[in-house]
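Reader: Could you take me through one part of this model up close? I would enjoy a connected tour.

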Amino acid sequence: MGNSSKFNAKKQSYISVPSQIISSISSSSLHSLLLSPKKTNSKTKSFSRLWKSPRLWFLALFFFALFGMFNHDHLIPCLITTHQSRDLVDQNVGNKFGIISAHPHPQGNGGFHYLDQVKNGEIQVSDSGSNGGNRYLESEFWKQPDGMGYRPCIDFSREYRRDSAAIVRGRRRYLLVVVSGGMNQQRNQIVDAVVIARILGAALVVPVLQVNVIWGDESEFSDIFDLEHFKRLLANDVHIVSSLPSTHIMTRPVEESRTPHHASPQWIRSRYLRRIKREGVLLLRGLDSRLSNDLPSDLQKLRCKVAFQALRFAPSILQLGNTLAERMRSKGPYLALHLRMEKDVWVRTGCLPGLTKEYDEIVNNDRKQRPELLTARSNMTYHERKLAGLCPLNAFEVLRLLKALGAPKNARIYWAGGQPLGGKEALLPLTREFPHFYNKEDLALRGELEPFANKASLMAAIDYIICEKSDVFMPSHGGNMGHAIQGHRAYAGHKKYITPNKRQMLPYFLNSSLPEAEFNRIIKELHRESLGQPELRTRKAGKDVTKYPVPECMCNDSHSQHSL
């Protein structure tokens, strides 16, 4: 018996405890937990001592934590933005902003100001169709459209290949081009520059990127794109040189800046061919939308080859863009949004952000001071533009659309775009509904973005890569980036691309009496054919082949174009 007591006195018990629990307990508390309580002979106090036992409380705490871990949402973000971490730490403080409503009520002439409503907590929203438990809706949201077997097939005609030998050997005609605008606008002009060089049978000097007056970006072609890849891939189509040869360096180029919109190949030849033969060098500026969208099949294929294959981003941009995309995908599929909510966008489109009356006044005042910024349809009022589907969606409208389409609450979302008017507050509807909400600044590690700082074109290229690689993409407004990514995702196999049907859906957004379930059903039906399915460009007169690459640049085995 003595030996048994001695053995029992020396016997120790071990229990596995998660490190999170250990780190949350002070050293003194941990020390007291590890010390066995002194024995007592009083049976009347045994229950009281057991109840007060630190070991019992320690075990209870362990099992409580274990239970919590098994029931916690497994999609914990690997990176948390500053405002998100603040919300996670103190959600009860964040709740003072209220819950977002699904049914906004217009307020006077200024319309619905969602930021006022969110902050005041005046209205509420239904969670139906967007919570993490609805597995059917989650799987439906990430489901990809039927690509109908279409794949890239850029097969040039025998005549095109025959002419190529003479064109790429030519050393007497050179085309200089200066492209302007943002990165995506420049990209479109570079595509057309290659095609114009082919039409004229001229060598193309690497395009000059005009310094952007808005962002002050002085990036050159090779800073954004892989120049050697560009030259190599187009070697059989157009001769590309980095600079004019010595035989032409002193030649004063014929400059032309009056190319009409949507010029045909016949017009290009009749206008420029004789001049470039005579002078040897032709300089073109302002190529935006200058070349016709309806070209012969071989030239359409060349457009696709330049846009989808030759214009590859520079290695440093490509590496970081792919790295950030992998971080987004580390916890599963992700959605990418291109949000057009910058002040200049609201000014140029003639629309209002709907944040507060004060922000509406800022936009209206800027527009009055610079009426030339209004892009088109200056005779339309804001409300007419809105109902015509000409205005960008604000954060509240993007939220309602995503929820109606079944986006799960735990969806990981990447957002691209400039600083929105109103800053982070303008994004409140989205950040409060979707906690896993990131941009490149959130994803990048310290110092990763420094080489690209103050270079808007390079930053836009990083956004482009992450958006193109997403499982689902949706722009809040049209534009060069949205159109380019639409074509790129189609060329990559028709990856899901949601095109907001603004003209048809906005009346339902304004109907506050419509039940949420009925609203969701209507919105889904309106977007049933707007999810990135193959569309024949030939049925869309005047549309760009780099946006709709079927049928010129993509084909399928069955050639079942009649089914589209």
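How are α20 and α25 oriented to each other?

Author: Happily! This is a predicted model, in which local features need pLDDT of at least 70, side-chain atom pairs count only at pLDDT 80 or more, and totals for chains, interfaces and linings use all residues. Residues are numbered from 1 along each chain as its sequence is written, and side-chain values use heavy atoms, with hydrogens and water left out.

α20 and α25 are roughly perpendicular to each other, because angles of 65 to 115 degrees count as such. Helices here are DSSP runs of H or I with at least four residues, and strands are runs of E with at least two, numbered from the N terminus. The axes of α20 (residues 395–404) and α25 (residues 502–509) cross at roughly 95° and come within 12 Å; axes are lines fitted to C-alpha atoms, for helices over the stretch in contact, and angles run from 0 to 180 degrees between N-to-C directions. Glu397, Arg400 and Leu401 of α20 make the contact with Met505, Leu506 and Phe509 of α25, where contact means heavy atoms within 4.5 Å. These residues divide into four nonpolar, no polar and two charged; Ala, Val, Leu, Ile, Met, Phe, Trp, Tyr, Cys and Pro count as nonpolar, Asp, Glu, Lys and Arg as charged, and the others, Gly among them, as polar.

For a second helix packing, look at α16 (residues 315–329), which lies across β8 (334–338), β9 (412–416) and β10 and runs at about 150° to β9.

Definitions and conventions. Angles under 35 degrees count as roughly parallel, over 145 as roughly antiparallel, 65 to 115 as roughly perpendicular and the rest as oblique.
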